[in-house]
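Hi,

Here is the structure I said I'd send over. Have a look at it first, then read on for what turned up.

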Amino acid sequence: MRSLKVSALTIAATALFAFSAAAADGPGVSYGQKISEADVKALDIDVSTSTGAGLPAGSGTVADGAKIYAEKCVACHGEGANGGSMYGPMHGGIGSFVTPKRKLTPGSMYPYAPILFDYIRRAMPMDSPQSLNDNEVYALTAYIYSLNGLVKEDAVLDAKSLAAIKMPNKDGFVVDDRPDVKAVRCMADCTKIKP
Amino acid sequence: MAKDKDNGLGDGRRSGGVLPVSEDRRAFLKSGALLAGASAAGGLGIATAHAGSVKVPESNLSMGREIPAKIYGMPSKYEAHVTRNRTDVFVNKQNWSDWSMTPLQHQLGIVTPNGLFYERHHAGIPDINPDDHTLAVHGMVKQPLKFSMSDLMRYPAVSKFYFMECSGNGLTDWKAVKSTTVQQTHGLLSCAQWTGVPLSWLLDEAGLADGAKWVLLEGADGSAHARSVPIDKCMDDTLIVWGMNGEMLRPENGYPLRALIPGWEGNVSVKWLRRIKVGDKPWHLRSETARYTDPMPDGKWRQFSMVMECKSVITRPSGGMKIPGPGRVEIEGFAWSGNGKITAVDVTVDGGKTWREARLEEPVIDKCLTRFRYSWDWDGGPAEIASRAVDSSGYVQPTVADIDKVRAIVGFVQHHNAVFPWSVASSGEVANAIA
């Protein structure tokens with residue numbers, strides 16, 4: 001009898017705790033509509049660029065990329081991706097990061113080759129994003145990497161061959177390790193702001 | 001391209017005697033601004049000349065403007081000089097991937113009005129019908145979900161004050177003077193009260209799968225801007241918001257829905273949020289490799305440097321203004337930290353040789369703009385003024401020289417949180433003195 005009483009109390013206390021915990025940690029309601037992964041397919045455009053997961057089927061050649069580039073990209077990025085009316089060059093710069101003038105291009109900067117595919121597919125051409133099919137995106141990616149000397153002129157890129165490209169800046173990144181500066185709260189006779 | 005050269009306060013009558021250099025001299029005399037200067041001197045106990053009689057205002061002598069049946073109220077026409085301006089220091093050649101900066105020299109209090117909140121876009125400003133907007137949550141979750149705006153707005157909402165700052169704030173002015181005003185040097189900074197729901201609620205509802213460590217946030221703009229964010233920050237204080245300063249978000253700030261990641265660089269608070277995907281590793285997209293990374297020594301780059309570290313700046317007097325004469329000058333400015341609360345702000349008037357603690361104005365809120373004030377009796381000689389903030393983690397705002405020792409300040413450098421000096425000439429003119 002006694003033990004029963006204790007359990008009842010314990011149950012009541014637990015229920016009360018559960019209620020207050022819900023109020024503190026969550027809304028206590030759920031309004032999300034259940035869907036499946038298939039329902040998100042049209043939006044699911046991202047590539048996990050370090051592995052290439054998310055790269056679609058299809059392929060493209062450097063030659064096809066050059067043609068598409070001449071039609072849809074050259075106005076802003078210039079002939080041969082040398083830089084155009086809006087944006088700077090998209091090739092070169094490999095090795096420049098140890099000089100005072102770092103030149104950032106897909107070839108010099110991207111640690112993983114699928115980054116270019118992901119970016120073109122989601123955002124380019126700027127005046128008509130997401131209008132290219134996957135073969136066209138592979139072709140443009142092949143063309144830009146060929147200008148950077150990272151694939152041969154007869155290259156055909158697909159999910160496998162794109163993810164296999166070795167990028168010069170693969171080991172160029174360090175993860176945030178700040179605070180990296182330890183300033184002192186000096187009040188008198190301090191080093192001036194511009195020493 | 002905005003080229004408006006509003007270099008200062010624009011209105012001497014409420015400037016506390018600090019005037020924009022560009023102010024027309026005759027208007028300046030007529031407006032009584034000189035008297036403001038005189039009364040500043042009066043604050044030091046110097047006798048003022050007789051100031052003349054006070055007239056009946058014209059507005060007493062007629063009916064005012066009719067009351068419209070419905071209207072969205074706008075600022076006075078006399079405040080038309082207070083605008084958000086695109087940079088004319090670093091000029092982009094197109095009008096879609098660019099930024100527009102808050103006139104901090106005009107901001108009163110800690111909340112930035114919605115029409116002046118800074119902007120950064122990667123493909124222009126979409127115009128989204130909230131009835132058509134859907135947020136999808138999927139990936140490494142037990143149950144993928146979608147939410148309409150009305151689904152989201154049924155939750156018990158929370159409202160929180162947080163600053164937001166672009167990682168590129170100040171990138172034009174590290175080792176050379178490029179900008180004139182504090183709007184140009186620090187205007188990729190704003191603060192608002194945000195209304196929405198904790199992201200943790202939505203992720204809990206979907207149920208995180210084992211091994212979930214990173215979350216992709218993706219926008220519905222023309223760049224489908226996306227960033228990878230660690231799960232710990234998502235489950236901590238990250239919000240999904242639709243409200244900003246008491247109304248729905250403005251289109252340029254993500255209407256109808258955006259992420260709000262307190263204290264972190266603005267671009268991770270993805271606007272026009274359409275999709276949240278849970279994964280086990282970061283995506284390493286262009287926006288987190290080729291952009292929004294920091295050059296480091298030996299040709300390296302620092303990645304995922306998302307916290308905006310402790311920083312402060314004097315907004316008055318600041319670049320482009322003029323102090324009318326010796327006497328009391330009310331120095332004021334902002335301090336903020338992505339790592340906590342502001343615990344102290346110090347002010348120097350001698351270029352950093354000596355510092356005095358400024359007054360902090362309530363409220364002092366975690367990851368929010370904090371106002372500081374310091375009353376300075378200017379002797380009329382050349383001076384160099386600056387502020388230095390300390391936050392609740394104990395971090396002291398560094399100088400450019402401090403940062404220069406550990407990072408590579410070359411090119412387009414983000415995360416400039418250094419002490420920012422302004423020079424004061426004997427003429428009273430205030431100018432950028434970063435270098």
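**Rings and charges**

Let's start with a charge and a ring: the charged end of Arg286(B) lies over the ring of Tyr119(A), 4.2 Å from the ring's centre. Keep in mind that this is a predicted model. There is another case like this in chain B, where Arg388(B) has its charged end over the ring of Trp355(B), 4.3 Å from the centre.

Now for rings with rings. How many aromatic pairs does the structure hold over all chains? The count is 13. One of them is formed by Phe97(A) and Trp301(B), which meet edge-to-face, with 5.2 Å from centre to centre and 80 degrees between the planes. This pair crosses between chains. On the chain A side, Phe97(A) is in the loop between helix H3 (74-77) and helix H4 (106-109), while Trp301(B) belongs to strand E16 (residues 300-303) of chain B.

Are these two buried or exposed? Phe97(A) has 8% relative accessibility, so it counts as buried. Trp301(B) is at 4%, so it counts as buried too.

For a stacked pair, go to Phe117(B) and Tyr118(B). Why is this pair called stacked? The planes of Phe117(B) and Tyr118(B) are at 15 degrees, and stacked means under 30 degrees. Their ring centres are 5.8 Å apart. Phe117(B) is buried, because its relative accessibility is 0%, and Tyr118(B), with a relative accessible area of 5%, is buried as well.

One last thing to find: Tyr31(A), Phe147(B), Tyr155(B) and Trp201(B) make up one aromatic cluster.

Cheers

How values were computed:
Residues numbered from 1 in each chain as written. Chains lettered and ligands numbered in written order. Predicted model: local features only at pLDDT ≥ 70, side-chain atom pairs only at ≥ 80, totals over all residues. Heavy atoms only, no water. Phe/Tyr/Trp six-rings, centres within 6.5 Å; stacked < 30°, edge-to-face > 60°. Helix = DSSP H or I, 4+ residues; strand = E, 2+ residues; numbered from the N terminus. Buried < 20%, exposed > 50% of the residue type's maximum accessible area, 1.4 Å probe, protein only. Lys NZ or Arg CZ within 6 Å of the ring centre and 35° of its normal.
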